[in-house]
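Notebook open, structure about to load. I want to look up the ligand surroundings and then the salt bridges.

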Amino acid sequence: MTASATGGAARVAVVTGASRGLGAAFAPMLAEEGFALALGAREMAGLQRLAAELPAGTLAHPLDVTRGDSVGAFAEAVLGRFGRVDLLVANAGIGIFRRLDEISAREFEETLRVNVLGAWAVAVAFLAALKESRGMVAMVSSDVSTRTFPTGGAYTASKFALRALARTLQQENPEIRVLELRPGAVDTSFAGSTPGAPGKEWFLRPEAVAETLRLALRLPPEARVEEIVIRSTAQTPEY
Ligand code: NJP
C-alpha cells in the first residue's frame, strides 16, 4: 500500500461514535499524530462539524453499529477511500442506568446491541485490513468493566462483555494489538448528560482520555498495552 492511496497519509484511523464526546476528542489527536481519518456515527451534522475542523480528506460517513448493512456500507466507504486501516477506535456506546427490576428488555437489549454487538461487528468488518497493516484496535470500554454498582447492571454487563470480546479478539489475532481503554467519568453527553453541567466539574475532560490513547500509540510497535484505566483524581479509586 502506498502513501498516495491514503491521500498522502501513511496511516489511517477509524473512529466510531465520533459525532460528539470522546470520539470527537480522539479525532484531532489522531490527526496530529498523522493519521488520515474516517469518522462514523448516526448524527451526520456532528460528524461534518468535526470533519470541517480536521485536515481535508477526512471521511465523515453515517454509521449505525447496530445495523449490519450500515456497518458494511461504512467499511466499504472507508476501505474504498483509503485502502487500508491501521487503527480502529471502537468508541460508539450508550449508557442506560436503572435497577434490574426497572430497566426494560428493550433498553437492556439496546445497550448490548450497541456496546457489545456493535463493537464486534465493526471490529470484524475491519479485521482483514487491520491484520494486513498489523494495526491496533482500541476498544473504548469503561472502568466498570470489572466491577458492578446498583443501576449499572445492563451497562456493566455490556462492558464486562466488551472486555471479553477485546481479549478474545487479541487471542485470535496475534498480528494486531488490542487495547481495552477504560475511562472513568468523562464530561460528555453520555447517558443523556450535558457537557459542563453543574456537578460535572470534577469529571475528566475527553481530551485527557485522548491523550492517554496518544501515549499508547507512541509506544514501539512491539509493545502491546492490553488495558489502561484512566480516572479523574477526584474520582474514588474502586478496584
Ligand atoms: O458519550 P456520548 P461518550 N451507532 O454520548 C455514538 C464510554 N465511556 O463520548 O450515533 C453508531 O457523548 C454517538 O453518536 P450518534 C462509553 O460507554 C464513557 O462519553 O450520532 N454510533 C456518539 O458519537 C462509550 O463507549 C464514560 O448518536 C453510536 C457516541 O456514540 C464511549 O465512552 C465513562 C450509536 C457517544 O457519545 C464514548 O461515550 C466510561 C450507534 N448505534 C465509558 N449509538 C463517560 N462519558 O463518563 C451511540 O466509563 N453512538
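How many nonpolar, polar and charged residues does the shell around the ligand have? I get 14 nonpolar, 11 polar and six charged residues, with Ala, Val, Leu, Ile, Met, Phe, Trp, Tyr, Cys and Pro as nonpolar, Asp, Glu, Lys and Arg as charged, and the others, Gly among them, as polar.

Note to self: this is a predicted model, where local features need pLDDT of at least 70 and side-chain atom pairs 80 or more, while totals for chains, interfaces and linings use all residues. Residues are numbered from 1 along each chain as its sequence is written, and side-chain values use heavy atoms, without hydrogens and water.

I looked up who surrounds the ligand (a heavy atom within 4 Å). There are 31 residues, and the closest are Arg42, Ser142, Tyr155, Pro183 and Thr188.

Next I checked N and O distances to ligand oxygen atoms. A backbone N or O atom of Pro183 sits 2.6 Å from one. For Tyr155, a polar side-chain atom is at 2.7 Å, and for Arg20 I find 3.2 Å, again from a polar side-chain atom. The protein buries 96% of the 890 Å² that the ligand exposes when taken alone (Shrake-Rupley, 1.4 Å probe).

Then I turned to salt bridges (a side-chain nitrogen of Lys or Arg within 4 Å of a carboxyl oxygen of Asp or Glu). My search of the whole structure gives 21. In one of them, Arg214 meets Glu33 at 2.7 Å, N to O. Arg214 is in helix α6 (residues 206-218) and Glu33 in the loop between α1 and β2 (35-41), so the pair links parts of the chain 181 residues apart, with helices and strands taken as DSSP runs (H or I, at least four residues; E, at least two).

Methods
Polar contact = N/O pair within 3.5 Å; in protein donor to acceptor, adjacent residues only side chain to side chain.
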